[in-house]
Amino acid sequence: MKCSRCKATACVALPSHHAGFCKDCFPLFFTRQVETAIRREKMFTHDERILVALSGGKDSLALMLELTLQGYDVTGLHIDLGIPDSSQKARAKVEGFCEANSLNLEVFEMEGWGLPIPDVKRFATRPVCSVCGRLKRYHFNRIAVEGGYDALATGHNLDDEVARLFANTLRWDAPYLSDQGPVLPGSDGFVRKVKPLFRLSEFETANYAFLKGIEIHADPCPYASGASFTEHKKLWGDLEHRSPGQKFQFYQGFLKRGRQAFALLEKETGDPLNPCTECGSPTNAGICSVCRIKAAVQEKKRQAEAG
Ligand code: Q46
Ligand code: ZN
């Protein structure tokens, strides 16, 4: 196969685009996709300050590098979850990457905040991943708001978005369906959230990271259950193989025709938000769910230690 751009030997085949690219032209394709996403969805401008959530995986590091190369004002944010071995390794990859590329980085430690994820696993009543995910989103938002950033960018790719959309659709989960998309506008207490990689598949970001020589943290989290999202991704991999371009069409179709209907539905039922009396984050209860989870886990830990 020949490169669609320069006719050299292609190393990345992209059936959904009826194209293939060599190692020099593929990053240009990647750049164009990110540029298109930012422009069409009006994600942010070169005058704005962007906080980029960095887990250490291929997507977040690829995103950070690409936004830097495009001249955006970016700062990385890594949350150290405090999971033995795994968190040290992820953090080392993020720190090494930012140092090598002279990028600004903030690190937030869950242990220092009083709730390392191993405590959540041991003492929370709900599955560790659902609490961990909530805590991460809470801190990403809080740190972005407190730091006066204009937007929070995450490395979600097309496969992540399609798997999530599919799961939400299977449950007809209206609140989640009304909120899903590449841009979530900011509002009181909430920073604007953007996903500049939403046009690119996991395969494409992996190739970009590889061709750019990014060293990634590839080990799965020891607490990951995998379950439904991974299954959905496999299913979609099959569909995409049979009918290239299907994933993107499904997602774009939702954005153009589905999302609005759910947004209208939710507008009428959404509860008003007030600042949490403990931490100041927006909530529709007096004390936000994160402050309640934190207090409950710490209390259970105290009881366990007291014997
Ligand atoms: S949610 Fe669950 Fe992840 Fe948190 S506990 Fe690990 S697997 S890190 S994306
Ligand atoms: Zn709170």
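Is P27 buried or exposed? I put this to the predicted model before anything else, and I noted that P27 counts as buried because its relative accessibility is 12%, where the cut-off for buried is under 20%.

I then looked up where P27 sits, and I found that its place is in helix α1, which covers residues 26-40. Leaving out residues up to four places away in sequence, I listed what P27 touches, and the list reads Y208, L211 and K212. I also checked P27 against L63, which lies 36 residues apart from P27 along the chain, and I recorded a separation of 12 Å between the C-alpha atoms of the two.

My next entry concerns S201, which I placed in the loop between β8 (192-194) and α9 (202-211). With a relative accessible area of 12%, S201 is buried, since that value falls under the 20% limit. Again leaving out residues up to four places away in sequence, I wrote down N157, L158 and D159 as the residues that S201 touches.

Last, I turned to the cysteines. How many disulfides does a search of the whole structure find? The search gave me 0 disulfides, with sulfur atoms within 2.5 Å as the criterion for a pair. I looked up the accessibility of two cysteines as well: C129 is partly exposed because its relative accessible area is 41%, and C221 is partly exposed with a relative accessible area of 33%, so I filed both values between the limits of 20% and 50%.

How values were computed
Residues are numbered from 1 along each chain as its sequence is written. Chains are lettered from A and ligands numbered from 1 in the order in which they are written. This is a predicted model: local features need pLDDT of at least 70, side-chain atom pairs count only at pLDDT 80 or more; totals for chains, interfaces and linings use all residues. Side-chain values use heavy atoms; hydrogens and water are left out. Helices (H or I, at least four residues) and strands (E, at least two) are DSSP runs, numbered from the N terminus. Buried means under 20% relative accessible area, exposed over 50%, partly exposed in between (1.4 Å probe, protein chains only). Contact means heavy atoms within 4.5 Å.
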